[in-house]
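Me: I would like to go through a protein model together. Could we take the overall picture, then the interior, then a few single residues?

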Amino acid sequence: MSDNTVGSPSPTPLTLLGLGAMGTALARTWLAAGHPLTVWNRSPGKSAELAAAGARVAATAAEAVAASPLVVACLLDDASVRAALAEADLSGKDLVDLTTSTPGESRTRAAWANERGARFLDGGIMAVPPMIGVPEAGGYVFYSGSREVFDARREVLAVPVATRYVGADPGFAALHDVALLSAMTAMFAGARHAAALVADAGIDQKAFGTLVADWLAAMAPATAAYAGGPVPEDPTSAAVAEAGDATLLRTAREQGVDTALLIASAGSMNGI
């Protein structure tokens, strides 16, 4: 597995399909690094800024694919990728799919690409657009699928954000991506629940937000236990934990806050 950003790559030409916020951020970094870039987007108005920066704008996705040996897709979903590439000739292309998808969709897309003569690499972006092109921000992309493609294209792929290869199974990048996003989603849901509890209590919201962030940061190391990490000794008895969960529920009801999140996670703190 690699975790690095590679500097000063040769100016590899590539095509980028999709100019949403993430696609545009990726495009800017490749153009700034001197890579000849062809872009396509379903809504052509988004390409004007990139054209001014030197990108070639293709009228169709098929035309964009024909322009480069390396094709990167960063679209809305797997169905968008399939639709965009329906008329494209993928023979001899390296297709890198950075579109958020399920592991099963990624495996299906890999087989589909291979059948059409392309080598396939799937990617899961662990960053938001402002982190692209900013190495110190800590973003990276999980990659899985063809190791040959990863090794051959690693330098250009590492220009916008660091790379982490996680295996030959094309579904592994998506699985890593969605698993981490799922953990993040639950964390933010918990933070929103906490904010709702104190919203009408006359408590300084900004100060409380800092307390939530500090508490979650302090608890974060214990989460490794859920993925096979070392399990610290927990002195809390089952009875105490059960009573604690009940208190969380009663407090939510007293404060008029929905209890669905707590009911779904009741007992989850046991055995951390």
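Reply: The replies below treat this predicted model from the whole chain down to single residues.

Me: What does the secondary structure of the protein chain come to?

Reply: The protein chain has 10 helices and eight strands. Its C-alpha atoms fill a box of roughly 65 × 40 × 35 Å along the principal axes.

Me: What share of the residues is buried?

Reply: Of the 272 residues in the protein chain, 40% are buried. The chain exposes about 13,800 Å², and carbon and sulfur atoms supply 60% of that area.

Me: And the contacts: what percentage of those with a separation of 6 or more comes from residues 24 or more positions apart?

Reply: Such pairs account for 62% of the contacts in the protein chain with a separation of 6 or more.

Me: On to the interior. How many residues are in the largest nonpolar core, and which have the most contacts inside it?

Reply: The largest nonpolar core has 31 residues, and Leu16, Val96 and Tyr143 have the most contacts inside it. Two or more residues come from each of β1 (14-17), α1 (21-32), β2 (37-40), β4 (70-73), β6 (119-126), β7 (140-145) and α6 (147-157).

Me: Which element gives the most to this core?

Reply: That is α1, which contributes six residues. There is also another core, lying apart from this one, with 20 residues, including Ala58, Ala64, Ala73 and Ala110.

Me: Is there a general background to such cores?

Reply: In soluble globular proteins, nonpolar side chains tend to be buried together.

Me: Back to Leu16. Which residues is Leu16 in contact with, leaving aside its neighbours within four places in sequence?

Reply: Leu16 is in contact with Gly23, Leu26, Ala27, Trp30, Leu37, Thr38, Val39, Trp40, Val72 and Cys74.

Me: Now for empty space. How many cavities of 30 Å³ or more does a search of the whole structure find?

Reply: The search finds one. The volume of this largest cavity is about 40 Å³.

Me: Which residues line the largest cavity?

Reply: The lining consists of Leu26, Trp30, Leu98, Ile125, Ile132, Val141, Tyr143, Leu157, Pro160 and Val161. The elements α1 and β7 each give two or more residues to this lining. By class, the lining has 10 nonpolar residues, with no polar and no charged ones. Tyr143 is also among the residues with the most contacts inside the largest nonpolar core.

Me: What about the second largest pocket: what is its volume?

Reply: The second largest pocket has a volume of about 310 Å³. It is lined by 15 residues, and Gly20, Cys74, Leu75, Leu76 and Thr99 lie nearest its centre. By class, eight of the lining residues are nonpolar, six are polar and one is charged.

Me: Let us turn to single residues. Where is Gly167 found?

Reply: Gly167 is in the loop between β8 (162-165) and α7 (172-198).

Me: Buried or exposed, and why does Gly167 count that way?

Reply: Gly167 counts as buried because its relative accessible area is 14%, and the cut-off for buried is under 20%. Not counting residues up to four places away in sequence, Gly167 touches Tyr143, Ser144, Gly145 and Phe172. Gly167 and Gly139 are 28 residues apart in sequence, and their C-alpha atoms are 19 Å apart in space.

Me: And Pro130, is that residue buried or exposed?

Reply: Pro130 is exposed, since its relative accessible area is 66% and the cut-off for exposed is over 50%. Pro130 is found in the loop between β6 and β7. Although Pro130 and Ala25 are 105 residues apart in sequence, they are 7.6 Å apart in space, C-alpha to C-alpha.

Me: Where does Gly34 lie?

Reply: Gly34 lies in the loop between α1 and β2. With 41% relative accessibility, Gly34 counts as partly exposed. From Gly34 to Gly54 the separation is 20 residues in sequence and 9.3 Å in space, C-alpha to C-alpha.

Me: Last one: what is the place of Ala79?

Reply: Ala79 is in helix α4 (residues 78-84). Ala79 is partly exposed, at a relative accessible area of 38%. Ala79 and Val178 are 99 residues apart in sequence and 17 Å apart in space, C-alpha to C-alpha.

Note on methods:
Residues numbered from 1 in each chain as written. Predicted model: local features only at pLDDT ≥ 70, side-chain atom pairs only at ≥ 80, totals over all residues. Heavy atoms only, no water. Core = buried A, V, L, I, M, F, W, Y, C linked by side-chain atoms within 4.5 Å. Buried < 20%, exposed > 50% of the residue type's maximum accessible area, 1.4 Å probe, protein only. Helix = DSSP H or I, 4+ residues; strand = E, 2+ residues; numbered from the N terminus. Contact = heavy atoms within 4.5 Å. 1 Å grid on protein atoms, 1.4 Å probe; cavity = no way out; pocket = protein on both sides within 12 Å on 5 of 7 lines; lining within 4 Å. Points joined across faces, edges and corners; volume = space filled by probe spheres on them. Nonpolar A, V, L, I, M, F, W, Y, C, P; charged D, E, K, R; others polar. Areas by Shrake-Rupley, 256 points an atom, 1.4 Å probe, with all protein chains shown as cover.
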